[in-house]
Every structure is written in structure tokens, then in C-alpha cells.
Amino acid sequence: MISQTKKNRKEDRMTHEQQMRARIKDAAFKLMAEQGIESMSMRQIAEKVHVTKPVLYYYFKDKEDLCVSIIEERVRQFNSFLDSALAKGPDITELLSLIFERHLEFFQDDPRNSKFIARTISYALSNKATGFIKDGSEKMDRLHDVFERAVKKGEIPEKGLADFERLVRAVVLQIMLSAYVQMHVPYAAPAGREHFYDKATVKRLAQVIVSGIKEYYKGNKK
């Protein structure tokens with residue numbers, strides 16, 4: 001009975017800590033999106049969550065640690081999506097379309113996502129950053145593995161893999177920038193909806209990229 005009580009207390013403590021970490025990350029995400037990492041302080045986060053700074057430092061050593069934790073969570077979510085998508089057995093064109101759609105939804109569902117990433121990139125490129133972000137390398141490593149499998153299946157020419165990945169990165173970045181402009185600086189956007197992305201557009205781009213790479217590297221192109 002005593003051991004069961006201890007177990008229950010331990011589980012309650014773990015649940016409480018998980019909930020507290022989630023609350024802290026949510027508050028930090030909102031502040032980072034609005035103010036940027038450099039301008040935000042741990043004191044502001046503590047005030048938002050209604051805890052003392054020592055409690056905050058129990059969970060995260062500094063704001064960079066917090067930012068990394070938020071990014072890692074987003075990467076885990078993307079990788080979970082990727083696993084689910086792969087389980088359906090799509091060809092590379094279908095998979096690429098799903099990947100683009102996932103990014104489109106990510107940025108359009110919550111306008112703060114594009115702000116957060118834009119401000120994070122700005123901070124990472126500043127001389128105040130300490131190399132805390134690996135530029136989404138974990139997510140891109142997963143994609144690289146997926147694309148290499150597509151090469152082995154004959155869906156992408158081996159010689160075209162590097163260019164294929166460059167095009168995918170460029171479209172993902174453009175989806176993010178387009179969402180940022182559309183939601184936060186619409187007065188600076190070019191006239192016409194054709195400059196923004198929707199599911200039909202990203203599906204078409206997936207088809208263009210795959211067919212274009214195949215056509216360009218047909219034969220002995222280097």
C-alpha cells in the first residue's frame with residue numbers, strides 16, 4: 001500500500017512537471033514570436049506563468065534552452081507526421097505534396113509559427129547567438145533519409161538528389177515567407193492571390209519538382 005502511494009505521488013509529480021514545462025514553453029513561444037528571443041527575458045516568462053524565476057530555472061537553464069526545447073517539440077511533431085505519411089506507402093510525388101501541405105497548414109493554422117521561426121533565424125544569425133540551433137538539421141536528416149530511399153526505389157535520379165533537396169528546402173522556406181507576409185505585412189505583399197500558396201499550388205509544385213528532376217537528369221547529365 002505504501003509503495004503504491006509512493007508510485008502515485010511520483011506519477012502525480014511527473015504529470016505536474018510535464019504540465020508546467022508545457023505552460024512555460026507555451027508562454028515562451030508566444031513571447032518569442034512577438035518580441036524575439038533577444039528582447040524577451042526569463043522574468044517575463046515567469047510572470048506570464050505566475051511562477052518565481054528559481055522555479056523557471058528548475059525547468060530550463062536559459063531562454064536559449066527554452067527555444068531549443070520548443071524547436072525539438074516541433075521537429076518531433078513533424079517526424080511523427082512523416083512516419084504516418086510513410087505508412088500509407090505514397091510515391092515520392094505524393095509524399096512531397098503531403099510534406100508541403102503539412103508546412104502550409106503549420107504556418108497558416110497559427111500565424112505565430114512564421115513569426116517564431118523568422119525571429120529565431122534572425123537571432124541565430126546575430127552575433128549574440130551561441131550556436132544553439134542546428135538549423136532544423138534533425139528534420140532535414142529525416143527527409144534526406146526518406147529521399148535517399150526514393151533514389152533506391154528509382155523515383156529520384158541519384159545524380160539529382162542534391163538539387164532535389166535544394167528545391168524542397170527552397171519551397172518550404174517560400175511557404176513560410178509567404179505566410180509571414182500574408183499574415184503580418186499584407187501591405188507589402190504583391191497584388192494578386194497567385195503569390196500565396198494553397199493546397200493546389202503545393203501539389204502542383206511537388207509534381208513539377210519530381211518530373212523536372214527526372215527530365216533534367218535523364219541520360220548522363222552531370
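This is a stop-by-stop tour of the structure above, with something to select at each step.

**Before you click**

You're looking at a predicted model, in which local features need pLDDT of at least 70, side-chain atom pairs count only at pLDDT 80 or more, and totals for chains, interfaces and linings use all residues. Residues are numbered from 1 along each chain as its sequence is written, and side-chain values use heavy atoms, with hydrogens and water left out.

**The whole chain**

Start with a cartoon view. The protein has 9 helices and 0 strands, where helices (H or I, at least four residues) and strands (E, at least two) are DSSP runs numbered from the N terminus. Read along the sequence, the pattern is α-α-α-α-α-α-α-α-α.

Now colour by accessibility. Of the 222 residues, 39% are buried. Here buried means under 20% relative accessible area, exposed means over 50%, and partly exposed is in between (1.4 Å probe, protein chains only). The areas themselves come from the Shrake-Rupley method, and for residues only the protein chains shown count as cover.

**Stop 1: helix 2 and the loop after it**

Select Arg 43 and Glu 47 and show their side chains. They meet in a salt bridge, 2.9 Å from N to O. The term stands for a side-chain nitrogen of Lys or Arg within 4 Å of a carboxyl oxygen of Asp or Glu, and by that rule the count comes to 10 salt bridges. Why can these two side chains reach each other? Arg 43 and Glu 47 are 4 residues apart in helix 2, so about one helical turn separates them. In general, an α-helix has 3.6 residues a turn, so residues three or four places apart point the same way. Both partners are partly exposed: Arg 43 at 44% relative accessibility, Glu 47 at 47%.

Step along to His 50, in the loop between helix 2 (42-49) and helix 3 (53-59). His 50 isn't a glycine, yet its phi is positive, at about 65 degrees. His 50 is also exposed, with a relative accessible area of 69%.

**Stop 2: from helix 4 to helix 7**

Next, pick Arg 142 and Asp 83. Their side chains form a salt bridge of 2.8 Å, N to O. Arg 142 sits in helix 7 and Asp 83 in helix 4 (residues 63-87), so this pair ties together parts that are 59 residues apart in sequence. Arg 142 is partly exposed, at 23% relative accessible area, and so is Asp 83, at 42%.

Stay on helix 7 and select His 144. This residue is partly exposed, at 27% relative accessibility. Its C-alpha is separated by 9.0 Å from that of Leu 161, 17 residues apart along the chain.

**Stop 3: a negative patch**

Switch to a surface view. Which residues form the negative surface patch here? Select Asp 141, Asp 145, Glu 148 and Glu 158. Patches are made of residues with over 30% relative accessible area and no salt bridge; like charges are joined within 9 Å, and nonpolar side chains (Val, Leu, Ile, Met, Phe, Trp, Tyr) within 5 Å. Lys and Arg count as positive and Asp and Glu as negative, while His and the chain ends aren't counted. Each charge is placed at NZ of Lys, CZ of Arg, CG of Asp or CD of Glu. One of the patch members, Asp 145, lies in helix 7 (residues 137-152) and is partly exposed, at 39%.

**Stop 4: helix 6**

Select residues 112-125. At 1.5 Å a residue, the 14 residues of helix 6 should span 20 Å, and the end C-alpha atoms are indeed 20 Å apart. The expected span is 1.5 Å times one less than the number of residues. The buried residues of this helix are Asn 113, Ser 114, Lys 115, Phe 116, Thr 120 and Tyr 123.

Now find Arg 119, also in helix 6. Arg 119 is partly exposed, at 29%. Draw a C-alpha distance to Ile 37: the two are 82 residues apart in sequence and 7.2 Å apart in space.

**Stop 5: helix 9**

Finish on helix 9 (residues 199-216), where you'll find Val 210. Buried or exposed? Val 210 is buried, with a relative accessible area of 4%. Its C-alpha is 7.2 Å from that of Ile 156, 54 residues apart in sequence.

Lys 199 is in helix 9 too, and is partly exposed, at 45%. Lys 199 and Phe 100 are 99 residues apart in sequence, with C-alpha atoms 8.3 Å apart.

Last selection: Lys 218 and Glu 215, which form a salt bridge with their closest N and O atoms 3.0 Å apart. Both Lys 218 and Glu 215 are exposed.

Definitions and conventions:
Areas by Shrake-Rupley, 256 points an atom, 1.4 Å probe, with all protein chains shown as cover.
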